[in-house]
Amino acid sequence: MNKGKRLRLKLSKYNTLLLKYYSELYELLEQLKIPLFLLVFILFVGTLGYMILSKGNFIDSFYMTVITVATIGFGELVEGSDTPVGRVFTSFLALGGIGFYTTSITLIVNLLFRRDLFSLLKYIVMLENISKLKDHFIIFSYNELAEELVKILKKNDLKFVLIDDNRENEIKLTKNPYVDYFIIEDMFDKEVLNSVNINYSKGAIILLNDKIKKLALLVTLRLLKPNKDEFIIYILASDNEEEEKYKSLGANFCIIPSKIISTRIISYISHQAYGFVSDLLDKVSYGEEKEIDIIELVINKDSILNNRKIADTTIRKKFKSTIIALKKGDNLEVSIDPNTILQENDVVIIFGKYSNLKKIREAFINNSKELINIEQI
Amino acid sequence: MAKKIISDIFIILSLTTNFMFLYFPNAITIFIALFINLFATIFKLGESKFLATKILATSFVADLHLVPAIFLFFLGYKDFAIALAIGALVSNIISVLLVIIESILLLFQE
């Protein structure tokens, strides 16, 4: 038997996490049943009694019942309530009703606020939305790094779900304006991963600090999603040895924070005279610069740019952006001749304003004729 | 099962009492119709089987019609109250239909 196949975990068809919260909601509503029944029952008995005494005056009877059971007691306002029969009725209504009324109101308030019905409803709506997500990233653990990451992801319009197992982070996550979707659950649970729609997600970003947890999560994710191209895993590593280990276990990208920080410090030191340029390029490539950006387009066989001269494209004139480099096979050409012909599998690297690049990307995805000079079509 | 019988009785009672008010609009009939509807809604709270949430919703809609209807009736706007009660009747008919569908589904499941 194929070992890989045998080891592969299976995801269930149903979102069990959502079902769990729904059953919690039903349970809460079920508990509201008795206090609500008591409240309506006492209003029913009181109003009916006064209506009989006053020969059908509903509004006054209802008012008299409410002021009696709520211990307001403005007096005998309903016709017939000042008679001996009326007074006996009022006495018994007050004796039973006040207890019923206060007990049920206390129970209702307690149920709504102690269990917090509204945040439960909000959480259910969020889980419903998460189950509809597609092409999103799953971020594991909420820490300082995640706080920065979510800002950049949000800016780039990338969808993501955050999973953390620490209940203390719930308030922080609710208040964070960049986080639309999050779950506070056990992140190793298959059902939890199922409910964040892992089947339709693009990849996972593992920001955990604990080495053992990181390994366990990496293995769990790869067993659920064995295809490396379908599901991309980004993971933090502390050194090269760890990086190797994670890569052999199925991580696509390993990031060593200390290495990145030190190379950046070195780049500042070595480019002292041109600090602005290296800083700008750094910011652009890491997505920190808001106005300017760089994109890469891979020319495929059916692309409108296939077999066209660079001079024939509208990237410079119409979209006001510049092709700064061209990758042909393993060669990276940085001095671009306008007569160069773009071919299949070439990677075009374009530098320009964020808004213009967005338009280029859209036109490229739609294979729009906008990218080519009219005379050439 | 006993719970289901009680909630089903109240759902059907809310339809019949609602019709009773429309046939003979007076103080007592609207009062009974309103409270029976309120009890029917309360008995349906917390149920999660099949169409229970839909039945709860339709029953709640009937309450929302009858609560203003009873006040309008006693304030002298009888036509308006009857119009609202007709709305409640439509909603109650739907909830009875849903109860029937739910019973049939349950029968198939067994």
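Two strands count as paired if DSSP finds at least two bridges between them, and helices (H or I, at least four residues) and strands (E, at least two) are themselves DSSP runs, numbered from the N terminus. With that in hand, β9 (residues 322–328) and β12 (residues 347–353) of chain A make a good starting pair: they run antiparallel and are joined by 5 bridges. One of the matched residues is T322(A), whose bridge partner in β12(A) is F351(A).

A word on the model itself. It is predicted, so local features are reported only at pLDDT of at least 70 and side-chain atom pairs only at pLDDT 80 or more, while totals for chains, interfaces and linings use all residues. Residues are numbered from 1 along each chain as its sequence is written, and chains are lettered from A and ligands numbered from 1 in the order in which they are written.

On the other side of β9(A) comes β10(A), again antiparallel, this time over 3 bridges. Here K328(A) stands opposite N331(A). The two strands form a hairpin with 2 residues between them, and G329(A) in that turn has a positive phi of about 65°. Put together, the strands give an open, antiparallel sheet of 4 strands in the order β7-β12-β9-β10 (chain A). At its edges stand β7 (292–298) and β10 (331–333) of chain A; each has a single partner strand, so one side of each is left without a neighbour in the sheet. From one strand to the next, the twist averages 20°; axes here are lines fitted to C-alpha atoms, for helices over the stretch in contact, and angles run from 0 to 180 degrees between N-to-C directions. Helix α13 (residues 354–365) of chain A packs on this sheet and touches β7 and β12 of chain A, its direction making about 145° with that of β12(A). Touching, or being in contact, requires C-beta atoms, placed from the backbone, to lie within 7 Å.

Chain A has another open sheet, of 6 strands, and the pairing in this one is parallel, with the order β3-β2-β1-β4-β5-β6. Its edges are held by β3 (182–184) and β6 (253–255) of chain A, each with a single partner strand, so one side of each has no neighbour in the sheet. Direction ignored, neighbouring strands are turned by 15° against each other on average. At the β6(A) end, 3 bridges join that strand to β5 (residues 232–236) of chain A, and I235(A) has C254(A) as its bridge partner.

Stepping back, chain A holds 13 helices and 12 strands. Of its 377 residues, 24% count as buried, that is, with 20 or more other C-beta atoms within 10 Å of their own; 12 or fewer makes a residue exposed, anything in between partly exposed, and C-beta atoms are placed from the backbone. Among contacts in chain A between residues at least 6 apart in sequence, 64% join residues at least 24 apart.

Then there is chain B. In all, 15 residues of chain A are in contact with 12 residues of chain B. On the chain A side, α2 (16–53) and α3 (58–69) each supply at least two residues, and α2(A) gives the most, with 12. The chain A residues there divide into 10 nonpolar, 2 polar and 3 charged; Ala, Val, Leu, Ile, Met, Phe, Trp, Tyr, Cys and Pro count as nonpolar, Asp, Glu, Lys and Arg as charged, and the others, Gly among them, as polar.

A nonpolar core is a set of buried Ala, Val, Leu, Ile, Met, Phe, Trp, Tyr and Cys residues joined through C-beta atoms within 7 Å. The largest one has 45 residues, and those with the most contacts inside it include I30(B), L34(B) and L66(B). Elements giving two or more residues to this core are α2, α3 and α4 (84–114) of chain A together with α1 (2–23), α2 (27–44), α3 (52–75) and α4 (78–109) of chain B. The largest share, 11 residues, comes from α2(B). Leaving out residues up to four places away in sequence, L66(B) touches A33(B), L34(B), N37(B), A85(B) and A88(B). Apart from this core lies another, of 38 residues, among them F140(A), L207(A), A237(A) and Y246(A).

Finally, two loop residues have a positive phi without being glycine. K55(A), with phi near 60°, sits in the loop between α2 and α3 of chain A and is exposed, with 9 other C-beta atoms within 10 Å. N345(A), at about 70°, is found in the loop between β11 (341–342) and β12 of chain A; with 12 C-beta neighbours inside 10 Å, N345(A) also counts as exposed.

Notes: Contact = placed C-beta atoms within 7 Å.
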